[in-house]
Amino acid sequence: MRHSVFSLVANALTGNARWPRQWRAATPKPAYDAIVVGGGGHGLTTAYYLAKEHGLTNIAVVEKGWIGGGNVGRNTTIIRSNYMLPENSRFYELGMKLWEEMSQELNYNVMFSQRGVINLAHTSAQMDAFARRGNAMRLEGIDAELMTREEVAARLPGLDVSDRARFPIVGGMIQPRAGTARHDAVAWGYARAADKLGVDILENCGVTGFIRDGDRIVGVETTRGAIRAPKVGVAVAGHTSELMRLAGLDRLPIESHVLQAFVSEPLKPLIDTVVTFGAGHLYISQSDKGGLVFGGDIDGYNSYAQRGNMPVIRHVAAEAVSMFPNLARLRLLRHWGGVMDMSMDGSPIIDVGPVPGLYLNAGWCYGGFKATPASGFCFAHTIARDEPHALNAAFRLDRFAAGRTLDEKGIGPSPQLH
Amino acid sequence: MLIPCPHCGLRDLAEFTYVGDATRNRPILDAPEGDWADYLYLRTNPMGRHAEHWQHTAGCRSVLTVRRDTVTHEIFGATMAGTQA
Ligand SMILES: Cc1cc2nc3c(=O)[nH]c(=O)nc-3n(C[C@H](O)[C@H](O)[C@H](O)COP(=O)(O)OP(=O)(O)OC[C@H]3O[C@@H](n4cnc5c(N)ncnc54)[C@H](O)[C@@H]3O)c2cc1C
Ligand SMILES: [Zn+2]
């Protein structure tokens with residue numbers, strides 16, 4: 001069924017009780033031409049582009065839980081392409097262009113809202129760094145503008161821009177085309193679109209092992225039986241190390257860490273952009289329902305627990321109130337955590353191998369939501385052609401041993417700091 | 001999370017700084033490049049029991065080897081780094 005204003009009206013008049021399933025509840029076939037493990041944003045876009053761009057329609061997405069239950073449905077939905085290294089800029093800018101077309105392309109409203117992302121500066125050195133990054137972006141054809149303190153104040157009425165602030169604000173940088181999207185809709189929209197192209201979406205189907213023929217991977221063992229395929233793509237975010245261990249790889253340049261997200265009780269419109277604190281780590285936006293959506297740093301130590309700790313909650317709350325003193329009495333409505341694949345240089349991995357028949361998509365740290373369409377586009381190319389696309393040629397696994405890491409902030413191999 | 005510092009007793013997580021995986025051993029200086037890349041970049045990243053270094057930054061400042069479960073956060077003990085657990 002195609003979504004249109006007529007289908008919306010017709011369904012509204014029948015009490016929204018007649019919407020059909022958005023994708024089939026497929027039964028696993030014994031074999032496919034390709035399997036994508038992980039039904040998060042990246043796995044779903046990969047399957048979608050395999051079918052759409054490469055004509056591989058006899059394929060399956062194998063998901064342990066349900067569609068939307070992983071990080072794709074847990075993130076704070078910030079979408080931007082304000083990177084400094086050209087390899088990252090180009091990749092994330094492809095993503096930005098795909099976001100701009102996504103709702104039309106999928107015939108599914110992902111509520112992509114280009115409300116801008118403002119990074120605040122609290123020192124003149126930070127303004128210099130923003131000028132440098134903004135210029136690097138503009139050289140790649142990406143939008144970036146510096147803002148004075150007055151411009152920041154005009155855009156964010158609740159923000160404390162006084163000299164009494166704990167970390168007085170001197171200005172900022174905005175990427176006007178950046179913004180947010182409805183994360184669940186992204187997962188559902190791609191699941192529906194992939195399904196339409198013939199992709200089997202297998203939920204409640206966890207991979208428990210790999211089937212081998214000599215040193216090649218030729219399929220997966222799952223909780224719903226064995227499924228064979230000459231190509232197996234892995235896109236399981238925080239569980240990459242555990243899954244790759246089953247394929248015989250005991251060590252990867254990845255650690256799993258937990259990131260928390262927070263939603264407050266609903267407020268009247270207060271923040272019509274995304275704003276990030278520059279003297280600590282906090283990003284905040286307001287959802288259409290009025291809740292403030294915010295997050296900060298990862299908890300900071302290896303964790304596979306989908307729940308966070310108290311010190312981060314306290315820290316994030318303190319930062320929010322130091323920026324917006326009028327939030328001091330705001331109550332938290334919900335908070336949760338997600339397990340992320342932190343890479344050793346803060347940049348992702350999209351590559352062929354490291355075992356024949358296997359393809360790897362991982363290392364998204366806490367910026368992988370914005371990458372969703374570009375990641376699937378590049379990973380599908382990598383799987384179909386057995387070599388990376390030009391845009392993920394720098395994201396290969398061997399870059400660590402070769403000394404070609406992509407470390408935006410020059411932090412070094414400390415995943416808890418990326 | 002409470003970490004049992006051998007010097008200071010059971011102390012709150014907020015007093016400690018995470019240093020990282022304690023199972024990696026620094027190669028000798030003229031070891032092959034591959035050994036260094038392996039040491040710097042590759043991690044076991046277990047789902048379950050892990051050995052890791054934490055520094056008691058707001059306490060005695062010792063670096064400890066802590067054995068912890070990465071799913072339940074249960075802690076099985078802490079010793080001075082460099083000594084046997
Ligand atoms: C709190 C939080 C806030 C974030 N905020 C942002 C943000 O503002 N902007 C941004 O760009 N990014 C953000 N991120 C990061 C982003 O959400 C992730 O990088 C991205 O979603 C990861 O890719 P994915 O969608 O494919 O992952 P997931 O949705 O986690 O998909 C992986 C899937 O693999 C499945 N799986 C695991 N093991 C197996 C198995 N053995 N067999 C079968 N399936 C398996 C899981 O069940 C899961 O559904 C945030 C993350 C978190 C946790
Ligand atoms: Zn101590």
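**Exercise 1. How many salt bridges does the rule find across the interface of domain 1 of chain A and domain 2 of chain A?**

Step 1: get the rule straight. A salt bridge is a side-chain nitrogen of Lys or Arg within 4 Å of a carboxyl oxygen of Asp or Glu.

Step 2: apply the rule. It finds zero salt bridges between domain 1 of chain A and domain 2 of chain A.

A word on the model before going on. It is a predicted one, where local features need pLDDT of at least 70 and side-chain atom pairs count only at pLDDT 80 or more, while totals for chains, interfaces and linings use all residues. Residues are numbered from 1 along each chain as its sequence is written, chains are lettered from A and ligands numbered from 1 in the order in which they are written, and side-chain values use heavy atoms, with hydrogens and water left out.

**Exercise 2. Describe what does hold the contact between the two domains of chain A.**

Step 1: place the domains. Domain 1 covers 23-77 + 183-253 + 345-417 and domain 2 covers 113-177 + 255-343 of chain A; such bounds come from an automatic or database domain assignment. Their centres, taken over C-alpha atoms, are 29 Å apart.

Step 2: list the contact. With contact meaning heavy atoms within 4.5 Å, domain 1 of chain A puts in 20 residues and domain 2 of chain A 24 residues.

Step 3: look at area. About 1,900 Å² is buried between these domains, 55% of it from carbon and sulfur atoms. Buried area here is the accessible area (1.4 Å probe) that two parts lose on being put together, summed over both.

Step 4: count polar contacts. There are 12 residue pairs in polar contact between the two domains (both at pLDDT 80 or more). That term means a pair of N or O atoms within 3.5 Å; within protein, one must be able to donate a hydrogen and the other to accept it, and residues adjacent in sequence count only if both atoms are side-chain atoms.

**Exercise 3. Which three residues of chain B supply 32% of the area that chain B buries against chain A?**

Step 1: start from the whole interface. Chain B brings 24 residues and chain A 27 residues, and the buried area is about 2,200 Å².

Step 2: pick out the three. They are Tyr41(B), Arg43(B) and Asn45(B), which give more than any other three residues.

Step 3: check the charges. The rule finds two salt bridges between chain B and chain A. In a salt bridge of 2.4 Å (N to O), the side chain of Asp38(B) meets that of Arg251(A).

Step 4: find the main element. Helix α1(B) gives the most to the side of chain B that touches chain A, with four residues. Helices (H or I, at least four residues) and strands (E, at least two) are DSSP runs, numbered from the N terminus. Chain B has one helix and six strands, in the order β-β-β-α-β-β-β from the N terminus on.

**Exercise 4. What are the centre distance and plane angle for Tyr49(A) and Phe377(A)?**

Step 1: recall the cut-offs. Rings of Phe, Tyr and Trp (its six-membered ring) pair if their centres lie within 6.5 Å; planes under 30 degrees apart count as stacked, over 60 as edge-to-face and the rest as tilted.

Step 2: read off the pair. The whole structure has 16 aromatic pairs over all chains. Tyr49(A) and Phe377(A) sit 5.3 Å centre to centre with 85° between the planes, an edge-to-face pair.
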